Amino acid sequence: MRASTSVRSAVSCLLLAGAVACADHASPTAPRSFSAPQLTAKHGEKVAVCKPQKESWASSQIGSKGGKVRVEGAELDVPPGALRSTVTITAHSLPTTSASIQFAPEGLHFAVPATLKMNYSKCATPLFGVTVVYVQADTVSEVEPSQNHPVFKYVVARIDHFSSYAVAY
């Protein structure tokens, strides 16, 4: 076999593998709720379709010294100086087919951005381009600047307000 034929065959295999990896793996009969397929995206993002996540709740009182709250697949790290007074922050992991999280109190703003880390290990996503999006009234209203960690299947974003976030690409 000639070297050029071998190279073309290898490139073809890589392109095919890439196309299959980036394909939409959502089943047409997959359960639908407040999840990826029903959300409207203003910027062309697709909310990641995942295995159903468990519903769970966590709360933490966080004040001017900062703090953390963790719940199924998500962690919020509030730095010192982000809040002027102590606030009870509640995180709610929704029982959906998306990697999503709701925070309360709704509308809370941070003086210094907080860090939101979201796990997407149970989701069908491409290797690159995974991000955190702000969801408002079942619409993706903001794409948050994010750092994707594809090897460990989590994405990190700096956020300055609440309430609902999801993993998208």
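**From the largest pocket to the core**

Fifteen residues, written here as 15, line the largest pocket of this predicted model, and those that lie nearest its centre are Gln53, Glu72, Gly73, Asn119 and Lys122. The space inside this largest pocket comes to about 190 Å³. Sorted by residue class, the lining divides into seven nonpolar, five polar and three charged residues. Two strands can be named as contributors, since strand 7 (100-104) and strand 8 (109-119) each supply at least two residues of that lining. As general background to such a description, rolling a probe the size of a water molecule over the atoms shows where empty space is left.

The elements just named belong to a fold in which the protein has one helix and 14 strands. Of the 169 residues in the protein, 39% are buried. Among the contacts with a separation of 6 or more, 65% are accounted for by residues that stand 24 or more positions apart along the sequence.

One covalent link also spans the sequence. A disulfide is, in general, a covalent bond between the sulfur atoms of two cysteines, and the count in this model comes to one. The disulfide joins Cys50 to Cys123, with a distance from S to S of 2.0 Å. The pair links distant parts of the chain, for Cys50 sits in strand 2 (residues 49-50) and Cys123 in strand 9 (residues 123-124), 73 residues apart. The link of Cys50 and Cys123 is right-handed, with 90° about the S-S bond, and both cysteines, Cys50 and Cys123, are buried.

The nonpolar interior can be followed next. The largest nonpolar core has 33 residues, and within it the residues with the most contacts are Leu76, Ile89 and Phe103. Strand 8 gives the most to this core, with four residues; strand 8 is also one of the strands that supply at least two residues to the lining of the largest pocket. Phe103 offers a detailed view of the packing: when residues up to four places away in sequence are not counted, Phe103 touches Val69, Leu76, Ile89, Thr90, Ala91, Leu116, Phe162, Ser163 and Tyr165. Leu76 and Ile89, which appear among these partners of Phe103, are themselves listed with Phe103 as having the most contacts inside the core. A second, separate core has six residues, including Val47, Val133, Ala166 and Ala168.

Definitions and conventions:
Residues numbered from 1 in each chain as written. Predicted model: local features only at pLDDT ≥ 70, side-chain atom pairs only at ≥ 80, totals over all residues. Heavy atoms only, no water. 1 Å grid on protein atoms, 1.4 Å probe; cavity = no way out; pocket = protein on both sides within 12 Å on 5 of 7 lines; lining within 4 Å. Points joined across faces, edges and corners; volume = space filled by probe spheres on them. Nonpolar A, V, L, I, M, F, W, Y, C, P; charged D, E, K, R; others polar. Disulfide = S-S within 2.5 Å. Buried < 20%, exposed > 50% of the residue type's maximum accessible area, 1.4 Å probe, protein only. Core = buried A, V, L, I, M, F, W, Y, C linked by side-chain atoms within 4.5 Å. Contact = heavy atoms within 4.5 Å.
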